Amino acid sequence: MSKGTVKVTVEKRNEYGMVIIEDEGCGIDEQSLARLGEPFYSTKQTGTGLGLMISYRIIEQHQGHISFASKVGVGTKVEIALPYIKEPVNIS
């Protein structure tokens, strides 16, 4: 994105913590939007198409989900939902 703004919001929605990222970039066409997260799919010339796929898997492993909404010429909105931890976790 060469110009415009990026807005990041964190909020609670039911039992989920939400991270919402919105931009005013060029947007993503419907064909590309449907393929986001596919292994080896990239719109970048030097991209591997693995980064977003790995992100999807990490979020899913934590019982969360990620969604995209976009309109060409308007921008893109990404919502990442992760469940709240009900019990403290001891990491050692």
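A residue is called buried when its relative accessible area is under 20%, exposed when it is over 50%, and partly exposed in between, using a 1.4 Å probe and counting protein chains only. By that rule Asn 14 is exposed, because its relative accessible area is 67%.

The structure described here is a predicted model, in which local features need pLDDT of at least 70 and side-chain atom pairs count only at pLDDT 80 or more, while totals for chains, interfaces and linings use all residues. Residues are numbered from 1 along each chain as its sequence is written, and side-chain values use heavy atoms, with hydrogens and water left out.

**The chain as a whole**

The protein chain has two helices and four strands, where helices (H or I, at least four residues) and strands (E, at least two) are DSSP runs numbered from the N terminus. Along the sequence these elements follow the pattern β-β-α-α-β-β. Taken along the principal axes, the C-alpha atoms fill a box of roughly 45 × 25 × 20 Å. Of the 92 residues in the protein chain, 22% are buried. The accessible surface, computed by the Shrake-Rupley method with a 1.4 Å probe (for residues, only the protein chains shown count as cover), comes to about 7200 Å², and 54% of this surface belongs to carbon and sulfur atoms.

A contact means heavy atoms within 4.5 Å. Among the contacts in the protein chain with a separation of 6 or more, 45% are made by residues 24 or more positions apart.

**Two residues with positive phi**

Most residues other than glycine have a negative phi. Asn 14, which is not a glycine, nevertheless has a positive phi of about 55°, and Gln 63, also a residue other than glycine, has a positive phi near 60°. The table sets out where these two residues, together with three others, are placed and how accessible they are.

| Residue | Place | Relative accessible area |
|---|---|---|
| Val 6 | strand 1 | 52%, exposed |
| Thr 9 | strand 1 (residues 6–13) | 23%, partly exposed |
| Asn 14 | loop between strand 1 and strand 2 (16–23) | 67%, exposed |
| Ser 32 | helix 1 (residues 30–35) | 12%, buried |
| Gln 63 | loop between helix 2 (51–61) and strand 3 (65–71) | 56%, exposed |

**Strand 1 and its surroundings**

Val 6, Val 8, Val 10 and Ile 21 form a nonpolar patch on the surface, with about 360 Å² of accessible area together. Such patches are made of residues with over 30% relative accessible area and no salt bridge, and nonpolar side chains (Val, Leu, Ile, Met, Phe, Trp, Tyr) are joined within 5 Å, whereas like charges are joined within 9 Å. A salt bridge, in turn, is a side-chain nitrogen of Lys or Arg within 4 Å of a carboxyl oxygen of Asp or Glu. The largest share of the patch, three residues, comes from strand 1.

Thr 9 also lies in strand 1, and, when residues up to four places away in sequence are not counted, Thr 9 touches Met 18, Val 19 and Ile 20. Thr 9 and Met 53 are 44 residues apart in sequence, and their C-alpha atoms are 23 Å apart in space.

**A buried serine in helix 1**

Ser 32 counts as buried because its relative accessibility is 12%. Leaving out residues up to four places away in sequence, Ser 32 touches Tyr 41 and Thr 43.
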